[in-house]
Amino acid sequence: MVTMRPTGFSIQPVPTRLADFQQRHAGESILVCGCGSSLNQLHEAEHYITIGVNDIGRKFHPDYLVVLNGRQQFTAERFAPIAGSRAQAVFTHLQLGIDHPNVVRFLLGQRGGVDVSATDSLPYTRNSTYVAACLALFMGAKRIGLIGVDFTDHHFFAHTGRHALTGEIARIRQEYARLADACARQGVELVNLSETSAVDTLPRQPLAAFAAQAKTAKSLNIVSYATTPVAGVPKLLSECIERCTPHRCRTVWATHQYGNGVEFERDVEWQQQPDVARSLLEAADVVVVHNGHTAAQHNEILRHKPVITLAHNYMWNVDQQFVKRGLPGMVVAQYQASLPEFSQWCAVPNPVPLWNPLFNAGEKEARITIAYTPSGKHEKYPTGHRLYWHSKGYATTLAILQRLAQRYPLQLLTTGSGQVSFRQSMDLKRRAHIVIDECVTGSYHRNSLEGLAAGAVVINGLGLESAIREVFTQCTDNSPSPFVCASLDTLEAVLTELIALGPQRLSELGARNRQWLLQHWDFTAQWRQFWLPALEQARQKMMPATAFPEPQRQPHPVPVAPPCLPTQHTLIAGVSVIIPFAGKGRLQPLRSVLQALKSQADVQRVIVVELDRQPHARDIASELADDYLFACTDRPFSKSRAMNIALPFVSTGHLLWLDSDLLLPENFVQQARKECESRRLDCLIPWDRVDYLSAEESEQIQLGNLQPADCQPVHQFYSRKGAQGGAVLVRTDFILHHGGMPEPFQGWGGEDNAWFHKVGVLGKIDYTADRQRTIFHLYHPQSSGYCRQGEHIAANPHYRDNFQLLQQMRSVRHPATFSQRYPAPERHSAPWDGQQTIVFPPSHAALAQRLQEFYGDALRVSPQPDEQAIDLSLFSPLAEQLNQTVLAVIRHICTVRSYCVSPMPLPLLIAGATR
């Protein structure tokens with residue numbers, strides 16, 4: 001299993017019946033958007049699941065649009081965005097007269113009702129956002145956030161005056177209160193995200209808090225990456241992005257600690273978890289690289305990524321490799337941002353997760369307490385020295401504190417006896433009335449921000465250098481500095497004045513400082529002002545030149561019916577298992593996997609497809625599988641092609657693509673199918689964790705002496721942390737309409753990720769909800785779970801090409817564009833290279849026609865027999881046996897071609913076993 005996990009937003013094939021939308025977004029968060037002025041609070045709407053109303057298309061096109069007013073009730077200007085809506089579906093009870101491919105008509109149910117169990121109607125009131133909220137509930141949302149549902153003066157797009165329903169606000173409040181109660185009884189949260197809404201009967205919630213719970217397949221995967229701990233900022237930035245935006249973010253760094261005892265909160269350290277780190281990087285949509293430095297083993301991955309470089313140091317200690325390629329550079333808005341070499345870089349506030357308990361204000365000591373915990377014990381470097389900005393005045397500051405402690409009853413919390421961890425440092429600040437940063441350079445550092453968060457009076461040198469003070473005020477809308485300014489020369493006098501205020505007054509000033517930080521250092525606002533422009537710049541810069549741009553749609557999008565792969569089965573309940581295979585050294589794991597499948601409920605058929613120059617798996621597969629297809633080839637192995645070759649043999653409503661080295665727990669297949677059906681998914685990653693077993697225990701399992709669940713894994717992968725292949729359950733109809741695995745991928749790696757993205761764009765895909773569902777990987781060399789230094793990547797000469805192809809596919813996120821760029825095939829993948837010649841008498845014309853429907857130009861009809869031709873007269877011409885005969889011919893071709901490299905005698909026909 002080689003993982004390159006992509007993301008993409010989840011758009012299912014769009015139906016036109018209301019009933020088909022029931023539970024479509026089960027368990028997800030949906031944003032219901034009205035046209036009130038508070039809609040302007042919303043940014044990055046494209047990364048939420050949205051239901052909008054009326055002419056919201058002026059601002060953005062929601063996933064779904066609700067329109068309850070007739071065309072004549074809108075001005076031409078307001079109706080134009082409705083007529084040209086790019087929403088996936090327009091919901092209405094009216095004849096709107098618009099040319100949209102997916103107009104979903106429904107009946108109006110009970111006025112003011114809250115019951116959404118009917119499949120042809122929705123409750124309604126006099127405002128369309130109420131119906132939109134009911135639609136979200138009907139779709140199975142777990143959290144519903146209202147924004148722009150204000151009923152106050154003006155719309156988001158103009159000063160339009162008094163709201164038409166202002167006189168009915170009392171009844172509107174009651175209606176939404178009843179709906180909220182109904183939602184609560186179903187375990188659904190309905191909240192108002194607007195800061196100005198007149199609907200005060202709903203619980204209020206900040207948009208950032210809703211965003212933290214609204215992660216979907218439309219969210220970006222962001223990685224905060226560093227080769228050193230960088231004062232813990234990489235982890236804090238991840239926390240801020242995860243908490244305040246609709247995106248996901250993880251920290252990937254070499255280590256979480258310095259060698260001097262200073263350590264920070266943990267995340268993924270590639271020295272300990274190299275495979276997890278690699279998976280997260282491969283899956284990332286954007287990477288923030290702190291100080292620009294990268295590890296050699298990640299360079300190839302990062303070369304293809306949108307990267308933002310965040311500088312924390314002097315330019316001589318920042319690698320400009322990405323900035324030199326035109327990607328954005330940002331610099332923390334401290335002394336660094338005032339240096340001439342960063343004049344073209346965007347200054348950005350250092351992130352502070354104020355909700356984190358470590359950043360809470362603490363109860364102060366009874367006597368005045370002063371904390372001084374600098375990151376280093378530097379004294380002072382000359383101006384112009386390459387380390388000048390690392391000056392702390394350490395010895396001088398400690399001497400001042402010791403003198404004051406002899407004069408006043410002070411408690412000193414310092415690093416005089418040794419460095420402390422980040423957690424310990426924050427604990428000291430929470431106890432302190434006064435926090436000292438450094439009073440040498442005129443800058444401020446994280447110590448200052450942490451001191452404000454802890455509710456302390458903070459002393460630093462901000463104000464000694466006007467350029468640094470200007471950088472700071474640019475981050476705070478020119479708000480006056482909350483810090484107390486001092487130099488080393490004035491520090492003792494400043495401290496004396498503060499001590500004279502007493503502990504009570506100092507506590508009051510500290511509490512005021514924390515309020516200042518809450519007001520002026522809000523990451524949600526910082527994300528919007530500083531980070532979003534850089535993020536969009538990075539993504540635009542790295543958009544593959546070969547990728548199709550997002551479509552500039554015409555006002556009336558034209559639906560294009562996807563081609564369907566030919567099939568000859570009426571699909572029955574159950575699951576067909578497809579196992580791709582190559583490699584003589586993997587025969588014993590294959591045997592164990594096939595034997596174990598015999599006890600799996602719901603498995604109706606097992607199909608092994610081998611791509612190689614010789615049929616190594618023929619004996620094992622013929623004994624234990626229902627079908628064995630050998631495709632003789634000199635081409636590089638293609639897992640995608642192998643899995644697609646088996647599709648004509650699938651007769652069940654679901655299929656499971658399964659690697660030949662994975663053992664499944666009891667009832668795994670049946671449970672996966674039931675979950676996929678109940679959640680109305682097109683595809684399910686049915687496992688949460690894969691345990692990689694040692695060579696010794698794998699051998700004992702294959703001998704029947706040990707059960708997988710009793711083994712101690714040597715490593716583990718998690719589907720939600722980057723792995724998406726191995727065992728993938730798919731609805732067969734989805735494949736017949738959109739095609740199977742993308743076949744340009746060669747070797748192992750990238751094909752599973754490309755499939756995940758494809759279904760995310762064209763359908764609905766998700767991970768299993770069962771966090772205890774584990775599968776087991778039998779040992780073989782060059783598997784990613786055992787290659788801690790990326791040997792499996794080095795062993796695949798096509799890895800770079802696969803990765804570039806994956807990046808191109810991931811850049812296409814709209815269904816119409818994706819179908820245009822990567823059209824679904826009209827023919828099945830043939831289990832042979834080149835062309836296969838067939839000859840047939842007139843009595844077998846129907847059989848020949850059906851075969852050509854399956855394989856098109858991969859079959860050549862010859863009027864005269866030749867040595868390589870397959871003579872269809874050897875097979876039954878009976879129409880009622882046509883379906884089975886087609887499969888028999890395919891098996892026969894595979895068998896005949898296997899003997900081009902095998903000396904064994906040629907049988908006429910090998911029929912599949914009956915399960």
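In which sense, right-handed or left-handed, does α9 pass α13? Before selecting anything, note that this is a predicted model, in which local features need pLDDT of at least 70 and side-chain atom pairs count only at pLDDT 80 or more, whereas totals for chains, interfaces and linings use all residues. Residues are numbered from 1 along each chain as its sequence is written, and side-chain values use heavy atoms, with hydrogens and water left out.

**First stop: α9 and α13**

Select helix α9 (residues 394-407) together with helix α13 (residues 491-520); helices here are DSSP runs of H or I with at least four residues, strands are runs of E with at least two, and both are numbered from the N terminus. The answer to the opening question is that α9 passes α13 in a right-handed crossing, meaning that the near helix is turned clockwise from the far one by less than a right angle, while an anticlockwise turn would be left-handed. Their axes come within 10 Å and cross at roughly 35°, where axes are lines fitted to C-alpha atoms over the stretch in contact and angles run from 0 to 180 degrees between N-to-C directions. On the α9 side, show Thr397, Ile400, Leu401, Arg403, Leu404 and Arg407, which meet Leu491, Glu492, Leu495, Thr496 and Ile499 of α13, contact being heavy atoms within 4.5 Å. By class, this contact has six nonpolar, two polar and three charged residues; Ala, Val, Leu, Ile, Met, Phe, Trp, Tyr, Cys and Pro count as nonpolar, Asp, Glu, Lys and Arg as charged, and the others, Gly among them, as polar.

**Second stop: α11 between two partners**

Keep α13 displayed and add α11 (residues 446-453), which packs against α13 at an angle of about 110°, with the axes 7 Å apart. That makes α11 roughly perpendicular to α13, a label for angles of 65 to 115 degrees, with those under 35 called roughly parallel, those over 145 roughly antiparallel and the rest oblique. Leu449, Leu452 and Ala453 of α11 make the contact with Asn513, Arg514, Trp516 and Leu517 of α13, a set with five nonpolar, one polar and one charged residues.

Next, select α10 (residues 422-431), whose axis comes within 9 Å of that of α11 and crosses it at roughly 50°, so that α10 is oblique to α11. This crossing is right-handed, and the contact is made by Phe422, Met426 and Lys429 of α10 with Asn447, Glu450 and Gly451 of α11.

**Third stop: α15 and the loop after it**

Move to α15 (residues 587-597), where Leu587, Pro589, Leu590, Ser592, Val593, Leu594 and Leu597 are buried, that is, under 20% relative accessible area, with exposed meaning over 50% and partly exposed in between (1.4 Å probe, protein chains only). Among the elements covering these residues are β22 (572-581), β23 (603-612) and α19 (695-702). In the loop between α15 and β23, pick Asp602, which has a positive phi of about 85° although it is not a glycine, and which is buried at a relative accessible area of 18%.

**Last stop: Asn667 and two cysteines**

In the loop between β26 and α18 (668-678), select Asn667, a residue that is not a glycine yet has a positive phi of about 60° and is partly exposed, at 27% relative accessible area. Finally, display the cysteines: the structure holds zero disulfides, a disulfide being a pair of cysteine sulfur atoms within 2.5 Å. The sulfur of buried Cys676, at 1% relative accessible area, lies 7.0 Å from its closest cysteine sulfur, in Cys683, too far for a bond.
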